[in-house]
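Colleague: Got a minute to walk me through this one? I'd like to start with the sheet and then hop around a bit.

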Amino acid sequence: MIALVDCNNFYVSCERVFNPKLEGRPVGVMSNNDGCVVARSAEIKQLGVPMGMPAHQIDPHIRRQCILLSSNYALYGDMSRRVTDVLSQHTPHVDVYSIDESFLGFEGFEPDTLEERCQEMRHQVRRDTGIPVSVGLSTSKTLAKIANHRAKKESHFNGVAIMHPCSDDTKAFLQQLPVTEIWGVAGRSAARLRTLGIETAWQLREAAPKHLRKHFSVVMERIVYELRGEDCISLDDMAQPKKQIMVSRSFGRLTNNKADLHEAIRVHASRAGEKLRKQKGLAQAIMVFVRTNKFRQDLPSHNKSLVVPLPHPTDDSRELVRAAIAGLDRIFKEGIWFQKCGLMLLDLCDHDNEQLGLLAEPVSDEQRERNERLMATLDKLNREHGKNTVRLGMPRKINAWELRCEHRTPRYTTRWDELAIVET
Amino acid sequence: MSMHLSILGRVDTTAPPLKLPLAAGEVRTGFPSPADDYLEAELDLVTHLIQHPSATYFLRAKGTSMTGAGIYDGDLLIVDRSLKPKPGHIIIMSVDGELTCKRYDVIGNRHYLFAANPEFRPIPLEGRECQVWGVVTHNIHSLAPGFTV
């Protein structure tokens, strides 16, 4: 069995742990400078504030009722690590899929006990970190994802929904589920599926896989098998959630060589940058992580992650590489044998900002070369005429950095001088 | 009256949490290698004090209501969220949206928070919006001038 564990309104939940006053209030977390809402509490959703809406476009009457906070990536990164740590105490197979979602493998566990185990795990995450999570259980990732959705929406599940691939309940649910709600089925594919007479998840499940492979791709064929309960999709196949991009890979063999990690992170960051430009997004922060092999009990374990906020939203691979390497250097430790490293781009936003558009187009090689020449020229000008003679796509002058932290809460878990204060 | 102190070892203040074996020799029957006695790791205060790292948080105390329990303004509290509070524990609780540090106790079947300072009255928990946040396992208070926590 496979479980998908998803933190409920993760950023807002992190804020609430250290500031219980936010409980029950409409809270939104904003992205950097541009101030779009990137995370919402249930209450702010109810007020009709949509995801991604620029804060200044919220109706002033509604905005007055809301608490809008700047992103506190240091806090979210640390809390994410804590959640993952707790999950790892329940199974050795934890695949982090995004900052707030993980797939858990439960091979070899008695299936009948899983629902109870997952309830226990859910309570432990809540107790140890204060973060509420929902769990979806099934035999494939796609069904686990659907089950997770139900765990969130239908209160009778109590946070843990199990979907047996062949049950009547599953059939009834898939029969009314539009294909667009399935993980990995994008709007365009859905439109083409409709021309084939496939509108619901159940119809897709019953379709001929080979036929779909011809019309779509091997991934669509696999989705059919997944809906039947066969686990055949790897996380790398699937589109990442729109607001995050993850690139990671295990090393062929364990390494303790810093140069190996540097090289891997450099490649991952460039790859992530490509993905980002392809979907015309800009990243606002980058999370770097390293893992040791949990099956090698004879070696010390060292699983660390760190979120590095970017000074301004960017899709420039060089900036991503620089930030990622800086993060890696902070979590690398000599003498440790690493199995895996990777990174995740966080809080992607669309680049509708003209000044940033320069770098943000999905560029051909030729264009990119031109951009690189441009960069070189800029660098030269700045070198010869003083720093910041020519500036690239910075929407505001100097204080952009302070500006975006205006409503940031303290970095409660990563700074000695910003710890949460308790009245005695 | 004199106090006897024995030195346990030296502290590496820069050390990140380490899980080193205290003795690195293989387990085998027969005589243990005498060299094992010399293969000692440095003492790591973090792992010594913290049993549940992913559930442990540092908080800063503010105020004077707990001085009787040795908690002073500005002290560093080590708080374990995974422990279940028992009567007598000093806990962190969110009361009406504020985090507060007090001793938890039960009288009859009513739950109270007690300050450790006679100037403060007990706080009955009945009828309040409250939730346990964690149990304070240690308090770090600096003594030497010029040192802060």
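**Sheet, helices and pairings**

Modeller: Sure. In chain A, 5 strands make up an open, mixed sheet, ordered β5-β6-β1-β7-β8. Keep in mind that this is a predicted model.

Colleague: Which strands are at the edges?

Modeller: In chain A those are β5 (93–98) and β8 (160–162), each of which pairs on one side only. From one strand to the next, the twist averages 20°.

Colleague: And how do β1 and β6 of chain A pair, parallel or antiparallel?

Modeller: Antiparallel, with 5 bridges between β1 (residues 2–7) and β6 (residues 101–105) of chain A. To get your bearings there, find A:V5, which sits opposite A:S102 in β6(A).

Colleague: OK, helices. What does α4 of chain A lie across?

Modeller: α4 (residues 73–88) of chain A lies across β1, β5 and β6 of chain A, and runs at about 155° to β5(A). Then there's α5 (residues 114–129) of chain A, which lies across β1, β6, β7 (133–138) and β8 of chain A, at about 160° to β7(A).

Colleague: At what angle do α4(A) and α5(A) cross?

Modeller: Roughly 145°, and their axes come within 10 Å. The crossing of α4(A) past α5(A) is right-handed.

Colleague: Which residues meet there, between α4(A) and α5(A)?

Modeller: From α4(A) you have A:M79, A:R82, A:V83, A:V86 and A:L87, and they meet A:M121, A:Q124, A:V125, A:D128 and A:T129 of α5(A).

Colleague: Why would the numbers step by three or four places like that?

Modeller: An α-helix has 3.6 residues a turn, so residues three or four places apart point the same way.

Colleague: Switching to α12 of chain A: how many residues, and what does it span?

Modeller: α12 (residues 258–278) of chain A has 21 residues and reaches 30 Å from first C-alpha to last, close to the 30 Å expected. Its buried residues include A:L261, A:A264, A:I265, A:H268, A:A272 and A:L276.

Colleague: What's going on at the start of α12(A)?

Modeller: A side-chain oxygen of A:N257 comes to within 2.9 Å of the backbone nitrogen of A:A259. After the helix, A:K280 has a positive phi, near 55°.

Colleague: Last one, chain B. How many bridges join β2 to β7?

Modeller: 5, between β2 (residues 76–80) and β7 (residues 130–140) of chain B, running antiparallel. B:L77 stands opposite B:N139 in β7(B). β3 (residues 90–95) of chain B is also antiparallel to β7(B), joined by 5 bridges, and there B:S94 faces B:Q131.

Definitions and conventions:
Residues numbered from 1 in each chain as written. Chains lettered and ligands numbered in written order. Predicted model: local features only at pLDDT ≥ 70, side-chain atom pairs only at ≥ 80, totals over all residues. Heavy atoms only, no water. Helix = DSSP H or I, 4+ residues; strand = E, 2+ residues; numbered from the N terminus. Expected span 1.5 Å × (residues − 1). Buried < 20%, exposed > 50% of the residue type's maximum accessible area, 1.4 Å probe, protein only. Polar contact = N/O pair within 3.5 Å; in protein donor to acceptor, adjacent residues only side chain to side chain. Pairing = 2+ DSSP bridges. Axes fitted to C-alpha atoms, helices over the stretch in contact; angles between N-to-C directions. Contact = heavy atoms within 4.5 Å. Left-handed = near helix turned anticlockwise from the far one by under 90°.
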